[in-house]
Amino acid sequence: MHLSVRPAAASDLPFFHEICLKTGFYGEDATSLCGDHLILGELYAAPYLFHDIDLCFVALQDGTPAGYCVGSADTLDFARWMESSWLPAIRARYQDRQTPERRASDFERKVFRSLAARPEGFDPELRPWLADYPAHLHVDLLPALQGKGFAKALVDAFCRELRSRDCPGVHLDVSARNPRAIRFYEKMGFEVLVHGDGGLLMGKKT
Ligand SMILES: CC(C)(COP(=O)(O)OP(=O)(O)OC[C@H]1O[C@@H](n2cnc3c(N)ncnc32)[C@H](O)[C@@H]1OP(=O)(O)O)[C@@H](O)C(=O)NCCC(=O)NCCS
């Protein structure tokens, strides 16, 4: 098996969806929990390819993307772009969704709720740590690539790009239900900034 990391390309989009779905349930496969197989990728992976592709990196397994690190150097700017340019069409599409609510899993219902507008969520005064950690990232690898150093290589590539832009720090949210990821982030030098209800907000200076 030949393994490598490279900057992402727009044509990687289908693989972003697949990776996001197969790791979307607190690091485990969300396929059986999401009747709609696109929603996770549409929220947490695909938009980054369109917002700032230079902050997207992929890990390849035999030439095929099997992991990514994506994010934004300016979380507030990204949130505004999501509201104005990305989410309206997605919200409209899911409004007409025919799947009966009773057939959706609790997890899928939670994902759908996060589609709703959250204007207060992006008030910088509610997020004082954004000044020091304005960037955010997501890193996800299919099981075949996990534990081989690729997540580290992807996060390092992401942080190098942030440094070249004089971006001081990066944050991320991680669920308490994903202890493996928490230990990985600690190993990568992330520190806990906020203890939340269901998880941690962690940050790392670039
Ligand atoms: C969480 C995840 C990104 C970690 O990736 P990984 O492939 O295990 O990490 P790497 O192989 O690059 O490991 C990098 C370093 O972290 C260490 N590490 C990784 N996971 C660890 C863990 N759970 N506990 C302790 N150390 C860990 C490795 O030993 C390695 O250390 P070294 O450089 O000294 O050898 C990966 O398991 C994954 O994609 N999981 C599914 C999706 C997911 O949960 N994403 C995070 C959502 S918040």
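In strand β5, H171 is the bridge partner of H136. That pair is a handy place to start reading this predicted model, since it sits at a junction of the sheet: β4 and β5 run parallel and are joined by two bridges.

## The sheet

Stepping back from that pair, what is the order of the strands in the open sheet? There are seven of them, arranged β1-β2-β3-β4-β5-β7-β6, and the pairing is mixed. At the edges are β1 (3–7) and β6, each of which pairs on one side only. On average, neighbouring strands of this sheet are turned by 25 degrees against each other, with direction ignored. As general background, strands of a sheet pair through backbone hydrogen bonds, either parallel or antiparallel.

Strand β7 is worth a closer look. It spans residues 199–205 and pairs with β5 (residues 169–175) in the antiparallel sense, over seven bridges. One residue pair to pick out on screen is G169, whose bridge partner in β7 is K205. Strand β7 also pairs with β6 (residues 191–195), again in the antiparallel sense, over four bridges. Here you can look for V194, which has L201 as its bridge partner in β7. The connection from β6 to β7 is a hairpin through three residues.

Is β7 mostly covered or mostly open? Six of the seven residues of β7 are buried, so the strand is mostly covered.

On edge strand β6 you will find L193. With a relative accessible area of 28%, L193 is partly exposed, because that value falls between the 20% and 50% cut-offs. L193 and K152 are 41 residues apart along the chain, and their C-alpha atoms are separated by 21 Å.

## Around the ligand

Now for the ligand. How many residues surround it? The shell has 20 residues, and the closest are L141, G147, G149, N178 and K187. By type, the shell divides into eight nonpolar, six polar and six charged residues.

Which elements supply at least two residues each to this shell? They are β4 (135–141), α6 (150–164) and α7 (179–187). Helix α7 gives the most, with six residues. Strand β4 thus links the two halves of this report: H136, named at the start, has its bridge partner in β5, while β4 also supplies residues to the shell.

Three polar contacts with the ligand are listed here.

| Residue | Protein atom | Ligand atom | Distance |
|---|---|---|---|
| N178 | polar side-chain atom | oxygen | 2.7 Å |
| A151 | polar backbone atom | oxygen | 3.2 Å |
| R180 | backbone N or O atom | nitrogen | 3.2 Å |

N178 uses a polar side-chain atom, whereas A151 uses a polar backbone atom and R180 a backbone N or O atom. On its own the ligand has 930 Å² of accessible area, and the protein covers 74% of that.

## Loops worth a visit

Several loop residues round out the picture. Between α6 and β5, the loop holds both R165 and D166. Are these two buried, partly exposed or exposed? D166 counts as exposed because its relative accessibility of 71% is over 50%. R165, at 31% relative accessibility, counts as partly exposed. D166 also has a positive phi of about 60 degrees although it is not a glycine. For R165, the point to note is a link across the sequence: R165 and A73 are 92 residues apart in sequence, yet their C-alpha atoms are 8.4 Å apart in space.

Another positive phi belongs to Y26, near 50 degrees, again in a residue other than glycine. Y26 is found in the loop between α1 (13–22) and α2 (39–44).

The last stop is S105, in the loop between α4 (75–95) and α5 (106–113). Why does S105 count as buried? Its relative accessibility is 19%, and the reason is that buried means under 20%. The side chain of S105 reaches the backbone nitrogen of E108 at 3.0 Å.

Key. Residues numbered from 1 in each chain as written. Predicted model: local features only at pLDDT ≥ 70, side-chain atom pairs only at ≥ 80, totals over all residues. Heavy atoms only, no water. Near = heavy atom within 4 Å. Polar contact = N/O pair within 3.5 Å; in protein donor to acceptor, adjacent residues only side chain to side chain. Areas by Shrake-Rupley, 256 points an atom, 1.4 Å probe, with all protein chains shown as cover. Nonpolar A, V, L, I, M, F, W, Y, C, P; charged D, E, K, R; others polar. Buried < 20%, exposed > 50% of the residue type's maximum accessible area, 1.4 Å probe, protein only. Pairing = 2+ DSSP bridges. Axes fitted to C-alpha atoms, helices over the stretch in contact; angles between N-to-C directions.
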